[in-house]
Amino acid sequence: MHPNSLARPSSLQEAAALQRALAQAVVLAGNPCGARYIGALDASHPTRFSKVKGPSVAVAVLWDRQAGGVLEVAAAQMDEAELFPYIPGYLSFREAPLYLAALARLSRPPEVLLVDGQGIAHPRRLGIAAHLGVYLDLPAVGVAKTLLFGRPEGALPLQAGSAVRLMDGEAQMGWLFRSRSGVRPLVVSPGHQVGMEESLALVRSLMGKTRLPEPLRWAHIHAGLQRRQANVR
DNA sequence: GCGACAG
DNA sequence: ATCTTGTCGC
């Protein structure tokens, strides 16, 4: 689990083996709730139905929790040909290279990362937030819009703010979190250097008036805008 | 074999 | 992931 754990894998078997190895390095403790500079990562891809063809774009938003707003937006782009295909369970090999390029363009490194995808709530315990966290040695939390892996422990109440544990047998993988009433739940899971409870506390502390936590909401908005607008230098 | 399947 | 305005409900 060293240098290029993000190099394009030559097979899914190789990728899975790497995921299992890196998962051993994940640290499931730490409290990033006091962090001021929060990084949020999201990507936008064209499809054969997209009006705008061209490269995929990833955005890194630097969020200032002191000021409660976006400090910086950095972007990076790559053509489909250089990207690993999207295969459920292997998202990090596709999107993490884009995220690294975007992060490198921020004027300062975030203290904690919020990533659009799973943390450890993953078949091999290494979703994209965990992979990036271990690779960068940075605290990270995964916030996914749909479930990939794990079984919710009971029904999730309809009330905004409620959460139920996401389990794999006896082990907790994360949370199903009702961020607002009347919306589909988010899947929150620790990525690296963050405790189970703390991962949920962090996301709760960053909620605004919509389904997604504010930093990720802005990352999502800007990723779409940047991709449609054209070249990201 | 069948179903499930982050973005 | 993408397309797409107004509109219905918590």
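Biologist: Where in the chain does Ser162 sit?

Modeller: In this predicted model, Ser162 lies in the loop that runs between β6 (151-152) and β7 (163-168).

Biologist: Why is Ser162 called buried?

Modeller: The relative accessible area of Ser162 is 12%, and buried means under 20%, so Ser162 falls in the buried class.

Biologist: Which residues touch Ser162, leaving out those up to four places away in sequence, apart from what its side chain reaches?

Modeller: Leu156, Pro157, Leu176, Phe177, Arg178 and Arg204 are in contact with Ser162 when residues up to four places away in sequence are not counted. Its side chain also reaches the backbone oxygen of Pro157 at 3.0 Å, and since a polar contact is a pair of N or O atoms within 3.5 Å, that distance satisfies the limit.

Biologist: What makes Ser10 exposed?

Modeller: Ser10, in the segment before α1 (12-23), has a relative accessibility of 66%; exposed means over 50%, so the label follows. The side chain of Ser10 nevertheless makes a polar contact with the side chain of Glu14, at 2.5 Å.

Biologist: Why is strand β4 described as largely enclosed by the rest of the structure?

Modeller: Strand β4 covers residues 112-116, and 5 of its 5 residues are buried, which is why the strand counts as largely enclosed. In a regular strand the side chains alternate between the two faces of the sheet. In β4, Val112, Leu114 and Asp116 are buried on one side, while Leu113 and Val115 are buried on the other, and both faces are thus covered.

Biologist: How do you know that β4 pairs with strand β1 and with strand β5?

Modeller: Two strands pair if there are at least two bridges between them. Strand β1 (residues 37-44) and β4 are joined in the parallel sense over 4 bridges, with Gly39 opposite Leu113. Strand β5 (residues 140-144) also runs parallel to β4, with 4 bridges between them, and there the bridge partner of Leu113 is Ala140. Between β4 and β5 the chain passes through helix α3 (residues 128-136), and this β-α-β crossover is right-handed.

Biologist: What makes α3 largely enclosed?

Modeller: Of the 9 residues of α3, 7 are buried, so the helix is largely enclosed by the rest of the structure. The buried residues are Ile128, Ala129, Ala130, His131, Leu132, Gly133 and Val134, and what covers them includes α1, β1, α2 (91-103), β4, β5 and β9 (186-192). Asp137 follows α3 and has a positive phi, near 55°.

Biologist: Why are β3 and β6 placed at the edges of the sheet?

Modeller: The sheet is open, and its 9 strands are ordered β3-β2-β1-β4-β5-β9-β8-β7-β6 with mixed pairing. β3 (69-78) and β6 each have a single partner strand, so one side of each is left without a neighbour in the sheet. An antiparallel example within this mixed sheet is the pair formed by β1 and strand β2 (residues 56-64), which are joined by 8 bridges; in β2, Asp64 is the bridge partner of Tyr37.

Biologist: Which residues surround DNA strand C?

Modeller: DNA strand C is surrounded by Ser44, His45, Thr47, Ser50, Lys51, Lys145, His220, Arg227 and Arg228. Of the atoms of DNA strand C that come within 4 Å of the protein, 90% belong to sugar and phosphate. A polar side-chain atom of Ser44 lies 2.4 Å from a phosphate oxygen of DNA strand C, and an N or O atom in the side chain of Lys145 is 2.7 Å from a phosphate oxygen of that strand. The residues near DNA strand C comprise no nonpolar, 5 polar and 4 charged ones, and helix α5 (residues 214-229) contributes the largest share, 3 residues.

Biologist: How many residues surround DNA strand B, and which are closest?

Modeller: DNA strand B has 18 residues around it, of which Tyr86, Gly89, Leu91, Gln118 and Lys145 are the closest. They divide into 8 nonpolar, 6 polar and 4 charged residues. Sugar or phosphate makes up 48% of the atoms of DNA strand B within 4 Å of the protein, and bases make up the rest.

Biologist: What makes the approach of Gln118 to a base nitrogen of DNA strand B a polar contact?

Modeller: A polar backbone atom of Gln118 is 3.1 Å from a base nitrogen of DNA strand B, and the limit is 3.5 Å, so the pair qualifies. A polar backbone atom of Tyr90 lies 3.3 Å from a base nitrogen of DNA strand B, and a polar side-chain atom of Thr146 is 3.1 Å from a phosphate oxygen of DNA strand B.

Conventions: Residues numbered from 1 in each chain as written. Chains lettered and ligands numbered in written order. Predicted model: local features only at pLDDT ≥ 70, side-chain atom pairs only at ≥ 80, totals over all residues. Heavy atoms only, no water. Helix = DSSP H or I, 4+ residues; strand = E, 2+ residues; numbered from the N terminus. Buried < 20%, exposed > 50% of the residue type's maximum accessible area, 1.4 Å probe, protein only. Polar contact = N/O pair within 3.5 Å; in protein donor to acceptor, adjacent residues only side chain to side chain. Contact = heavy atoms within 4.5 Å. Near = heavy atom within 4 Å. Nonpolar A, V, L, I, M, F, W, Y, C, P; charged D, E, K, R; others polar. Right-handed = clockwise from strand over helix to strand, strands pointing away.
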